Amino acid sequence: MRSSRLLSPEKTIEGKLLQKFRGAERLTDRLAAVLIKGCAFVAIVALVLIFVFIGKEALPIFTSPEVRTEADLGKLLLPQPERGFVWQPVSERPAYSILPLLAGTLKATIIAVVFAVPLAVAAALFTSEFATPWAREVIKPAIEILAGIPSVVVGFFCLMVLAGWLQSAFGWTYRLNATTAGIGLSLAVIPIVYTVSEDAFSSVPQRFRDGSVAMGASRWQTAWRVVLPGASPGVLAACVLGFGRAIGETMIVLMASGNAAVLSWSASDSIRTFSATIAAELGEVVMGSPHYHVLFFIGAFLFVLTFFINLTGQWWVGRLQKKLRGGS
Amino acid sequence: MPDRTRLIGWLLQSLTGIACLIIVAMVVIIIGNIVIHGAGKLSWEFISQAPRGGMALGGIFPAIFGTAALVILMTIAVIPLGVATAIYMHEYAPRRSRLVYLVRLAIQNLAGVPAIVFGLFGLGFFIEFVGRGIDRAFYGGRLLYGQPAIIWAALTMALLTLPTVVVATEEALRAIPETYREVAYSLGATRWQMIRRVVLPQAVGGILTGGILAISRGSGEVAPVMFTGAAYFLPDLPTRLHNQFMELGYHVYVMTTQSPDVEKTKPILYGTVLVLLLLTFTLNFTAIMIRAQIRKRLRSER
């Protein structure tokens with residue numbers, strides 16, 4: 001290389017080789033840039049494809065006359081003559097009212113959130129404000145372990161063990177019901193609520209706490225009056241994201257809810273959720289039948305719903321960052 | 001400060017501690033129950049033999065094999081894709097680029113899509129659209145790829161785990177000091193040379209973390225593979241991309257909910273759950289250890 005520079009670089013063989021080599025390197029560089037940029041698009045493309053392909057299979061509910069005679073939007077949502085709100089997709093006269101499923105989904109989700117949010121937010125507050133280092137060393141890995149348990153294992157535990165305990169404790173008629181499923185779901189919700197709200201608490205600047213303590217507030221008053229309000233958008237985000245997680249979770253409710261599409265207010269009745277309905281019925285459904293399209297419609301609904309819930313959650317996380325930055 | 005206020009504060013503070021205790025207790029109870037009931041079942045025979053006697057005897061080797069095959073295929077798809085996405089966002093894209101904003105939004109939302117929706121997508125897109133298309137184009141319409149298969153299950157799972165890999169890789173890229181890049185450029189490296197020789201070797205830990213977390217997630221997730229390739233019982237192991245396969249999580253689900261005699265299959269069931277748990281925990285533990293190393297370095301660099 002040095003010798004080629006002493007001579008005129010374009011004229012020596014080495015110089016020519018070097019130029020060619022440079023050219024090849026530049027080509028590789030361009031190629032890599034294009035490839036890598038292409039890969040970055042995959043996430044966006046995937047999200048669009050999910051929407052398009054699930055929407056495509058859900059569309060016949062609005063467009064195909066054949067499907068609409070059995071299941072159109074009115075039949076899904078409005079009470080039907082003689083039958084009211086019934087989900088019986090495989091009976092002689094199929095009925096596709098999704099209201100019992102909506103009720104089941106809401107019941108399980110609300111129970112899960114009501115159970116998980118106070119526990120997880122309190123635990124997060126403890127970890128960030130009061131815990132000694134060793135207590136932190138226990139609670140953080142415990143949450144990581146909980147988050148790492150596959151949902152099918154949680155469902156298994158609820159079905160085999162927890163359902164029996166709860167039934168003998170409360171004397172329920174049905175072993176598998178909305179409360180069992182809700183408590184099972186809360187196990188999936190706790191890690192996400194904990195993680196997001198703990199992040200929010202620890203992003204509150206230390207000098208807020210110092211100021212509060214300097215004014216004579218106790219540690220609890222500081223946590224309750226300064227840290228919690230300061231981190232409130234983050235805690236709200238945690239609740240919203242937890243809600244989104246609970247609505248979409250499948251295996252736990254599929255195994256622990258009893259899967260009976262009952263429309264009632266009782267928390268001790270069996271329920272059937274949207275996600276569990278898809279999981280239980282898609283395997284045996286005739287492709288292209290009204291039932292098939294209704295299941296995809298439910299899937300599309302779940303997708304859109306969780307999409308907006310997650311956007312809301314992220315928006316609140318953004319609000320938290322803006323708020324704390326603005327305050328500093 | 002009045003004593004009463006102090007006392008109430010102290011009580012409420014203890015309540016938050018109790019919330020922590022409850023969570024830890026729940027984790028201990030679940031793990032403990034499974035370990036106590038499942039530990040007796042673990043043996044070399046259990047993990048190396050096929051099931052016999054209507055799932056009441058023998059082992060779960062085909063399910064372990066199927067899960068391993070699934071996550072290997074998934075990893076082959078998700079690692080290059082996820083790493084490239086992270087590299088684009090961190091190394092190529094201009095600051096405050098709109099595209100990066102969109103990609104990040106897509107990744108975050110992809111992470112929030114319910115697993116069952118991925119299953120629907122796998123069926124509607126990979127099997128019905130891509131698979132059927134391949135069959136029509138290359139096999140004269142003979143049904144080969146247009147049905148549930150391990151390749152479609154693996155690709156569906158790859159999409160599900162993509163955010164995990166992207167996030168972990170990005171964290172590792174952030175930990176690489178800017179000076180390393182500047183030095184590489186000053187020596188005349190092209191961007192790609194710099195990435196290949198400097199950034200990628202430095203980011204191996206993060207990529208590994210992401211990959212392991214993805215594998216852990218993929219080996220436990222059931223909903224996405226229910227309709228895209230998993231089967232309850234198969235006489236043969238999957239050898240081709242269009243074969244169906246047995247999966248540990250799916251095995252647990254079917255055995256729990258559809259076993260004709262739960263008492264008889266219970267020991268095997270607990271054993272299977274324990275194997276699945278051990279698998280995911282070992283993976284998670286390894287990933288957490290590597291990640292802790294990276295974070296430590298990130299702190300010391302600053």
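Me: What are the mean pLDDT of chain B and the share of its residues that reach 70 or more?
Reply: This is a predicted model, and confidence is the place to begin. Chain B has a mean pLDDT of 89, with 98% of its residues at 70 or more. Within chain B, confidence is highest in H6(B), at a mean of 94, and lowest in strand S2 (residues 57–58), at 76. The model as a whole scores ipTM 0.90 and pTM 0.89.

Me: How many residues of each chain take part in the contact between chain A and chain B?
Reply: An interface may be read by count, then by element, then by class. Here 68 residues of chain B are in contact with 69 residues of chain A. On the chain B side, the elements that give two or more residues include helix H1 (3–38), helix H3 (61–92), helix H6 (150–175) and helix H10 (262–301) of chain B. H1(B) gives the most, with 17 residues. By class, this side of chain B holds 46 nonpolar, 19 polar and three charged residues.

Me: What is the radius of gyration of chain A, and what would a compact globule of 328 residues have?
Reply: Overall form can be approached through such a reference value. Chain A has a radius of gyration of 28 Å, where a compact globule of 328 residues would have one near 20 Å. The C-alpha trace of chain A spans about 95 × 70 × 35 Å along its principal axes. Chain A contains 15 helices and two strands, and buried residues make up 48% of its 328 residues. Among contacts in chain A with a separation of 6 or more, 73% join residues 24 or more positions apart.

Me: Which domains does the assignment give for chain A, and how far apart are their C-alpha centres?
Reply: A pair of domains is described by bounds, separation and shared contact. The assignment for chain A gives domain 1 (2–58) and domain 2 (98–327), and their C-alpha centres lie 44 Å apart. Each of the two domains gives six residues to the contact between them. The domain 1 side of that contact has four nonpolar residues, one polar and one charged.

Me: Which residues touch the most other members of the largest nonpolar core?
Reply: They are A:Ala123 and A:Val193, in a core of 197 residues. This core lies between domain 1 (2–58) and domain 2 (98–327) of chain A, because both give residues to the core. Leaving aside neighbours within four places in sequence, A:Ala123 is in contact with A:Ile139 and A:Tyr194, and also with B:Thr16, B:Ala19, B:Cys20 and B:Ile23.

Me: Which sign does the phi of A:Asn259 have?
Reply: Most residues other than glycine have a negative phi. A:Asn259 is not a glycine, yet has a positive phi of about 55 degrees. A:Asn259 lies in the loop between helix H13 (251–256) and helix H14 (274–281) of chain A.

Me: Why does A:Asn259 count as buried?
Reply: Burial is judged by counting neighbours. A:Asn259 has 21 C-beta neighbours inside 10 Å and therefore counts as buried, the cut-off being 20 or more.

Me: Where does B:Val71 lie, and which residues distant in sequence are in contact with B:Val71?
Reply: B:Val71 lies in helix H3 of chain B and counts as buried because 25 C-beta neighbours fall inside 10 Å. Beyond its neighbours within four places in sequence, B:Val71 is in contact with B:Ile215, B:Gly218 and B:Ser219. B:Val71 and B:Ala214 are 143 residues apart in sequence, while their C-alpha atoms are 8.6 Å apart in space.

Key. Residues are numbered from 1 along each chain as its sequence is written. Chains are lettered from A and ligands numbered from 1 in the order in which they are written. This is a predicted model: local features need pLDDT of at least 70, side-chain atom pairs count only at pLDDT 80 or more; totals for chains, interfaces and linings use all residues. Two residues are in contact if their C-beta atoms, placed from the backbone, lie within 7 Å. Helices (H or I, at least four residues) and strands (E, at least two) are DSSP runs, numbered from the N terminus. Ala, Val, Leu, Ile, Met, Phe, Trp, Tyr, Cys and Pro count as nonpolar, Asp, Glu, Lys and Arg as charged, and the others, Gly among them, as polar. Domain bounds come from an automatic or database domain assignment. The radius of gyration is taken over C-alpha atoms; the globule rule is 2.2 Å times the number of residues to the power 0.38. A residue is buried if 20 or more other C-beta atoms lie within 10 Å of its own, exposed if 12 or fewer, and partly exposed in between; C-beta atoms are placed from the backbone. A nonpolar core is a set of buried Ala, Val, Leu, Ile, Met, Phe, Trp, Tyr and Cys residues joined through C-beta atoms within 7 Å. pLDDT is the predictor's confidence in each residue, from 0 to 100.
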